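Here are some notes for a colleague who is opening this structure for the first time. Please keep the sequence and the coordinates at hand while going through the points below.

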Amino acid sequence: MKILAINGSYRGNRGQTGGFLKLLLSGAEIAGAECEEVVLAKTTMQHCLGCDTCHTPDHYLSCVYAQKDGVEEIFKKITEADLVIYATPVYVFGISSLMKTFLDRYYCTSDVNQLRVTRSGLFFHHVNETICSKPFVPLICCDNLDAQMPVNVRDYFRTYARFMDAQMAGELIRNGARLFGDLNSYEHPEIFPRIPAVINAYQQAGFELATQGFISKKTQRAANQEIIPVPGFHFLKRLAPFKQVMVFQAKDILSKARGE
């Protein structure tokens, strides 16, 4: 099993997105998978110009930047991989601009003049299945605890899966990321006792991707669980009065987590 992870965080390996991605890949490597991470923040990458040169006879499906940046090399890596992980923080309710810039470049890999109907019954155009239709897992990371925060990013990848005829092998949505602190040490288990379970679930998710090609529902629930140690927090946080109480108590909780 060859797994390619595309890290769309501007913080690269220093951010929480990179931290959770590292946990995921460590589990896959334990299972014997060959893993590679591409950090877009370290990649020379130009924006798609929408020039349509890639759809002319002389430059058919070849971007004007093909020899000028690192995107073609990433495309080659995707082609050789069995599964892709798209890891992105939530930036202003959407995927990071790095991830968007990269995915926009898929335009040059497909013939938009060849119309078709996808397996899910949607009107679309030809796509390069070795790149666009590769099985994938989105890893979505945000600090906010509100369920609404990652919705646009979640739906983006669900829509991507349907139009690209790509199997989504799991869906990892991690809220409250900042509360985890240093993912290499469980500094405050008395404040957030569920953190070790989430970390173990990420490693298990990677193990399952490597051994069975998808993340089980059980492991996905464990990885995506709320870390606030309040029974029924997922439902309580929908209530405005409860949110007000949480805001009032947040400063004290964060102070304890930082050791202040």
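1. Tyr86, Phe136, Tyr156, Phe157 and Tyr160 come together as one aromatic cluster. Please bear in mind from the outset that the model is predicted, and that the count of aromatic pairs in it comes to 13.

2. A further pair of rings deserves its own look, and a pair of this kind is described by the distance of the centres and the angle of the planes. The ring centres of Phe75 and Phe102 are 5.9 Å apart and their planes stand at 50 degrees, so this pair is tilted, falling between the limits of 30 and 60 degrees that set off stacked and edge-to-face pairs. The pair links distant parts of the chain, since Phe75 belongs to helix 2 and Phe102 to helix 3, with their positions 27 residues apart in the numbering. Phe75 is buried, with a relative accessible area of 3%, and Phe102 is buried as well, with a value of 0%.

3. Which ring forms an edge-to-face pair with Phe102? The partner is Tyr106: the centres of the two rings lie 5.5 Å apart and the planes are at 70 degrees, so the arrangement counts as edge-to-face. Tyr106 has a relative accessibility of 4% and therefore counts as buried, the cut-off being 20%.

4. Turning to the sheet, the model has an open sheet of five strands in the order 2-1-3-6-7, with parallel pairing. Strand 2 and strand 7 are the edge strands, each of them pairing on one side only. On average, and with direction ignored, neighbouring strands of this sheet are turned by 15 degrees against each other.

5. Strand 1 is mostly covered, in that five of its six residues are buried. With strand 2, strand 1 pairs in the parallel sense over six bridges, and the residue of strand 2 that serves as bridge partner of Lys2 is Glu34. Between these two strands the chain passes through helix 1, which spans residues 16–30, and the resulting β-α-β crossover is right-handed. Strand 1 also pairs with strand 3, again in the parallel sense, here over five bridges, and Ile3 has Leu83 as its bridge partner in strand 3.

6. Strand 3, made up of residues 83–89, pairs in the parallel sense with strand 6, residues 136–141, over six bridges; the bridge partner of Thr88 in strand 6 is Ile140. Helix 3 (residues 97–104) packs on the sheet, where it touches strand 1 and strand 3, and its direction makes about 140 degrees with that of strand 3. Helix 5 packs on the sheet too, touching strand 3, strand 6 and strand 7, and its direction makes about 170 degrees with that of strand 6.

7. Pro150 sits in the loop between strand 6 and helix 5, and at 8% relative accessibility Pro150 counts as buried. What does Pro150 contact, leaving aside its neighbours within four places in sequence? With those set aside, Pro150 is in contact with Val90, Ile140, Cys142 and Ile173. For Val90, the C-alpha atom is separated from that of Pro150 by 6.5 Å, although the two residues are 60 residues apart along the chain.

8. Two backbone positions should be checked by eye, given that most residues other than glycine have a negative phi. Asp52, which is not a glycine, has a positive phi of about 65 degrees, and it is found in the loop between strand 2 (34–39) and helix 2 (71–80). Asp165 likewise has a positive phi, near 55 degrees, and lies in the loop between helix 5 (151–164) and strand 7 (172–174).

9. Are these two loop residues buried or exposed, or partly exposed? Asp52 has a relative accessibility of 33%, and because this value lies between 20% and 50% the residue counts as partly exposed. Asp165, by contrast, has a relative accessibility of 11%, which is under 20%, so Asp165 counts as buried.

Terms used
Residues are numbered from 1 along each chain as its sequence is written. This is a predicted model: local features need pLDDT of at least 70, side-chain atom pairs count only at pLDDT 80 or more; totals for chains, interfaces and linings use all residues. Side-chain values use heavy atoms; hydrogens and water are left out. Helices (H or I, at least four residues) and strands (E, at least two) are DSSP runs, numbered from the N terminus. Buried means under 20% relative accessible area, exposed over 50%, partly exposed in between (1.4 Å probe, protein chains only). Two strands pair if DSSP finds at least two bridges between them. Axes are lines fitted to C-alpha atoms, for helices over the stretch in contact, and angles run from 0 to 180 degrees between N-to-C directions. Contact means heavy atoms within 4.5 Å. Rings of Phe, Tyr and Trp (its six-membered ring) pair if their centres lie within 6.5 Å; planes under 30 degrees apart count as stacked, over 60 as edge-to-face and the rest as tilted. A crossover is right-handed if, with the strands pointing away from the viewer, the path from the first strand over the helix to the second runs clockwise.
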